[in-house]
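Have a look at the chain below before reading on. The notes after it go through its helices, a few contacts and some pairs of residues.

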Amino acid sequence: MQPLPLPLGDGSRLALLYAAVFAGIGVAMPFLPLWLSGLGLGPELIGALVALPILVRIVATAPLVGLIDRGLAPRRLMIAGSLGLAATYALMPSAAGLGWPMLAGLIVLNAIAGAPLVPCLDYQSLAAVRRGPGLDYARIRLGGSLGFLAATLLGGWLLGLVGTGSITHFLAGLELASACGAAHLLRRAEGAPPAPRAAGRVRLPAALWLAIAAGAAIQASHAAVYAFGSIHWGTLGLTPATTGFAWGIGVVAEIAFFALAGRVPGLRDAPFRLLALGAGAALLRWAGLLAAAGLPSLVLPLQILHGLTFGATQLGAMAALSRLAPEGARGAAQGTYAACSALASATATLASGAAYRAGGGSLAFGLMLPVAGLGLALTVAAARMARR
């Protein structure tokens, strides 16, 4: 399938849509567990319900995004997914009143609806960058980071006023806005229906499989800090305000990297260099957090590395997909990367949980070092394979 060219101003349109999509994520990720807790559910059940969407994304993302290669317009898939999210969020209070099994079923449907949104948006953005040399994926993706940060801050303030019981209604409204954004901002992008791929399966090249595995491993090495960073830093003596500031530093570093990366000639369209930069920074970051057990003041400066461990890895993976994915399988490649990342992150999260119980933060962060090292080794292998 040949991606259709998008109109002038496409970078701004896509950045706004990233902001809309990530606004919902920026509210759901930190605050939906609070809503579940307000239902009186136990911690084990809350943990299971929070893990359900990860499991669903592992299974559902690649087939759904692969529909693009079969002729489904990405715009329509995004509109349907956002509307599905809005409907399931709106129904969650009623489902909770009928018991947790009904709520769990609705959470599964919610995860299915949301699974293709970010990969579809990445697909559209990479297609636009290939068609318009003046566009920069990093600057476009910056909209998502800004939307996430703004929604998290605004959501926390608003929910502090009206209470956590309104979280699902707030999320439903955000997803309706996202559906409207996809319908309006991409309305000219759809044009004629996408041409279905030719009969037969289009295989992904070995170098791309290695790059996908490398990106998934490096991102999965964040599992310990995502799951236990705040808890561990509290044991080191950091106050809640300082912990919140530490997370804020990471988001700001991510935003800064996205804003500046495209201006560095050696990083623009350099997938393996970006992946190696992300992996190297991850090794330094997790080793530093091990040392922070005796020197808590290291936590704040180490959080600056999030701009590389997440940002450089994300850009590297997207550049690899854009350069190496064959026509007729770009949607499948995008979905495969998202599914592999979810699987790797889920596995690393479970492993870091066991490590944290056994040896605390030091063991959990130490476990992430070989995960990041694996990502670096896979990056080197992918670069060598691509040169062949």
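What follows is a walk through some local features of this model.

One thing to keep in mind from the start: this is a predicted model.

**Helix 1 and what comes after**

Let's begin with helix 1, which covers residues 10–38. From its first C-alpha to its last, this 29-residue helix reaches 42 Å, close to the 42 Å expected at 1.5 Å a residue. Helix 1 does have a bend in it, though: about 45° at Phe31, with a proline, Pro33, following within four residues. Just past the end of helix 1 you'll find Gly40, whose phi is positive at about 85°.

Leu34 also belongs to helix 1. With a relative accessibility of 44%, Leu34 falls in the partly exposed class, because that class runs between 20% and 50%. Leu34 also has a partner far along the sequence: Ile167 is 133 residues away, yet the two C-alpha atoms are 8.8 Å apart.

**Helices 7 and 14**

Ile167 brings us to helix 7, which spans residues 167–185. Its 19 residues should span 27 Å at 1.5 Å a residue, and the end C-alpha atoms sit 26 Å apart, so the two values agree. Plenty of helix 7 is tucked away: its buried residues include Ile167, Thr168, Leu171, Ala172 and Leu174. Glu175, a residue with a carboxyl group, is also among the buried residues of helix 7. Further along helix 7, Ser178, Ala179, Gly181, Ala182 and Leu185 are buried as well.

Helix 14 (residues 306–324) also has 19 residues, and its end C-alpha atoms are 26 Å apart against an expected 27 Å, so it agrees with the 1.5 Å-a-residue estimate. Helix 14 is mostly covered, with 17 of its 19 residues buried.

**Contacts around Asp69 and Arg330**

Where does Asp69 sit? Look in the loop between helix 2 (43–66) and helix 3 (74–97). Asp69 has a relative accessibility of 1%, so it counts as buried. Its side chain is in touch with backbone nitrogens from much later in the numbering: a polar atom of the Asp69 side chain lies 3.0 Å from the nitrogen of Gly331, and the side chain reaches the nitrogen of Ala332 at 2.7 Å.

How many salt bridges does the structure hold? Just one. The side chains that meet in it are those of Arg330 and Glu327, at 3.0 Å from N to O. On the Arg330 side, the relative accessibility is 11%, so this residue counts as buried. Glu327 is at 32%, so it counts as partly exposed.

**A nonpolar patch on the surface**

Now for the outside. Leu154, Trp157, Leu161 and Val162 make up a nonpolar patch on the surface, and together they have about 460 Å² of accessible area. One of them, Leu161, is placed in helix 6 (residues 137–162). At 58% relative accessibility, Leu161 counts as exposed, because the cut-off for that class is over 50%.

**Pairs set apart in sequence**

A few pairs are worth lining up by their separation along the chain and their C-alpha distance.

| Pair | Apart in sequence | C-alpha to C-alpha |
|---|---|---|
| Leu34 and Ile167 | 133 residues | 8.8 Å |
| Arg273 and Ala383 | 110 residues | 8.9 Å |
| Val380 and Ala214 | 166 residues | 9.1 Å |
| Gly234 and Ala329 | 95 residues | 46 Å |

Some background on the residues in that table. Arg273 is in helix 12 (residues 271–291), and its relative accessible area is 54%, so it is exposed. Val380 is part of helix 15, which runs over residues 330–387. With a relative accessible area of 38%, Val380 is partly exposed.

Gly234 lies in helix 10 (residues 223–235). Its relative accessible area is 40%, so Gly234 is partly exposed too. If you want to see the Gly234 pair on screen, look for Ala329, with 46 Å between the two C-alpha atoms.

Definitions and conventions: Residues are numbered from 1 along each chain as its sequence is written. This is a predicted model: local features need pLDDT of at least 70, side-chain atom pairs count only at pLDDT 80 or more; totals for chains, interfaces and linings use all residues. Side-chain values use heavy atoms; hydrogens and water are left out. A salt bridge is a side-chain nitrogen of Lys or Arg within 4 Å of a carboxyl oxygen of Asp or Glu. Buried means under 20% relative accessible area, exposed over 50%, partly exposed in between (1.4 Å probe, protein chains only). Patches are made of residues with over 30% relative accessible area and no salt bridge: like charges are joined within 9 Å, nonpolar side chains (Val, Leu, Ile, Met, Phe, Trp, Tyr) within 5 Å. Accessible areas come from the Shrake-Rupley method with a 1.4 Å probe; for residues, only the protein chains shown count as cover. Helices (H or I, at least four residues) and strands (E, at least two) are DSSP runs, numbered from the N terminus. The expected span of a helix is 1.5 Å times one less than its number of residues. The bend at a residue is the angle between axes fitted to the seven residues ending there and the seven starting there. A polar contact is a pair of N or O atoms within 3.5 Å; within protein, one must be able to donate a hydrogen and the other to accept it, and residues adjacent in sequence count only if both atoms are side-chain atoms.
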